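Colleague: I would like a close look at one part of this model, explained slowly enough for a first-year student to follow.

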Amino acid sequence: MTEIAKKPIKITETILRDAHQSLIATRMTTEQMLPIVEKLDQVGYHSLECWGGATFDASLRFLKEDPWDRLRKIRDKAKNTKLQMLFRGQNILGYRPYGDDVVEYFVQKSIANGIDIIRIFDCLNDLRNLETAVKAANKEKGHAQVALSYTLGDAYTLEYWTNIAKEIENMGADSICIKDMAGLLLPYTATELVTALKETVKIPIQLHTHYTSGVGSMTYLKAVEAGVDVIDCAMSPFALGTSQPATEVMVETFKGTPYDTGYDTKLLEEIADYFRPLRDEALESGLLNPKNMGVNIKTLIYQVPGGMLSNLTSQLKDLHAEDKYYEVLEEVPRVRQDFGECPLVTPSSQIVGSQAVMNIVGGERYKMVTKESKDLLSGHYGKTVKPFNPEVQKKCIGDAEVITCRPADLVPNELETLETEMAQYKEQDEDVLTYALFPQVAIDFFKYRDAQKTKMDATVADTENGAYPV
Ligand code: CO
């Protein structure tokens, strides 16, 4: 066994992305972020995660903000710290596989607007779905981090994880992230996993977890002792619960040890002071639900991510079938087995969750089948670790063709078509990408942006008329 080097642990701060995505439905605004970015920039973080995941969609849909503009403004104020984003492989930040030209252009524009590190994952861990994005990040001189969607199950042995890590290193990734979206990685398992990965690959290993099941900080402690290079934490006002372990807690934990971050406690305190009123406000308005802040042990028992639990609750509520909650929870792992024991992360978590609801509420398994379930079972999301249940597959898709190629090979280049479709709204190059990801939401936003401008022009004209009476 190789001796583990004891070195200062690095931290990725998630307060501007995952923390508010996990706790307050991604509703933190650019205006709320900007006043504190310069202080965040002084901490010395490994990186500041600030983009990707749901931030793009929520900015446009709910906050009426241009996500590209947010990125540029954060970049302006964060002069020293690397900016990081989350990227759903061939799905970019959306829910369908895109043509390679769109993926490449999105990576290019993300880096041009200020992103340094792109964390790329696939919900099935099918590396073919990551190739284009990784290559594009390499080409643009960005840091390509490939994330393993962490999950449990017979197929997910240490050998599985080390084999896939080796492949990721060979495909040109700059680092690997263990992405534990559900908080399933237990402390002693973390020791085994991190040790095995460190013995297998040379590139740095980062760990991302959620506090949902209550073990997050202990898992980080064991992972750091086993030699993990970077951990993802959130400043305390938006930490714990369905978010990440708290930054300040981890910094204090390692103080005076070889893992000492060297971060300035006073500075962290000032940053926490800034975010605390935002937390209080969110609690008061109901945006921050105290239910998301405690330990949810069901996530460990049913191996279901926190976000998926709340989705299931709201789906059942819509169907007036809230009494079926536990039946659905027990159906989730069965559907997951039928669907090749896939990890549960966007979009597979939604696909498996919705199908489990239908199987129970419909009274018969796979009597009603979603389009997404059919797509998954016909290979359109990629290859699962285990084969699909053949009977279920037959019942759901009949004799429809099953593909085994890289799904994006069937998606033609589409940038030109997209450009034509949205040409009348275009104000910046990036707009076509916004449109590609969320066509309807983007058009609503472009119209809103236009209306705002007309309004502003009118105000300026009024003021001018008032100042200079004619
Ligand atoms: Co996360």
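Over the ring of which residue does the charged end of Arg27 sit? Please start there and then describe the aromatic rings and the helix that go with this part.

Modeller: Please keep in mind that this is a predicted model. The charged end of Arg27 sits over the ring of Phe62, at 3.8 Å from the centre of that ring. A second arrangement of this kind involves Lys64, whose charged end sits over the ring of Tyr448, 5.9 Å from its centre.

Phe62 belongs to the stretch of residues 55-63 that makes up helix H3, and Phe56 lies in this helix too. To describe how rings meet, one needs two values, because a pair of aromatic rings is described by the distance of the centres and the angle of the planes. With ring centres within 6.5 Å counted as a pair, the count comes to 21 aromatic pairs. In one of them, the rings of Phe56 and Phe438 have their centres 6.3 Å apart and their planes at 35°, so this pair is tilted. Phe56 lies in helix H3, whereas Phe438 lies in the loop between helix H19 (431-437) and helix H20 (439-467), so the pair ties together parts that are 382 residues apart in sequence. Both Phe56 and Phe438 are buried.

For another kind of geometry, one can turn to Tyr325 and Tyr326, which form an edge-to-face pair with 5.3 Å from centre to centre and 80° between the planes. Tyr325 has a relative accessible area of 18% and is buried, while Tyr326, with a relative accessible area of 44%, is partly exposed.

Returning to Phe56 and Phe438, we find that both belong to one aromatic cluster, which also includes Trp51, Trp68, Phe87, Tyr95 and Phe106. Trp68 leads us on to helix H4 (residues 67-77), where Trp68 is buried, as are Pro67, Arg70, Leu71 and Ile74. Seen down the axis of H4, the buried residues fall within an arc of 155°, so they line one face of the helix. Trp68 also takes part in what happens at the N-terminal end of H4, which is capped by Asp66: a side-chain oxygen of Asp66 lies 3.0 Å from the backbone nitrogen of Trp68.

Taken together, Trp68 is a good residue to follow on the screen, since one meets Trp68 as a member of the aromatic cluster, as a buried residue of helix H4 and, through its backbone nitrogen, in the cap formed by Asp66.

Methods. Residues are numbered from 1 along each chain as its sequence is written. This is a predicted model: local features need pLDDT of at least 70, side-chain atom pairs count only at pLDDT 80 or more; totals for chains, interfaces and linings use all residues. Side-chain values use heavy atoms; hydrogens and water are left out. Rings of Phe, Tyr and Trp (its six-membered ring) pair if their centres lie within 6.5 Å; planes under 30 degrees apart count as stacked, over 60 as edge-to-face and the rest as tilted. Helices (H or I, at least four residues) and strands (E, at least two) are DSSP runs, numbered from the N terminus. Buried means under 20% relative accessible area, exposed over 50%, partly exposed in between (1.4 Å probe, protein chains only). A charge sits over a ring if NZ of Lys or CZ of Arg is within 6 Å of the ring centre and within 35 degrees of the ring normal. The arc is that of the directions from the helix axis to the C-beta atoms. A polar contact is a pair of N or O atoms within 3.5 Å; within protein, one must be able to donate a hydrogen and the other to accept it, and residues adjacent in sequence count only if both atoms are side-chain atoms.
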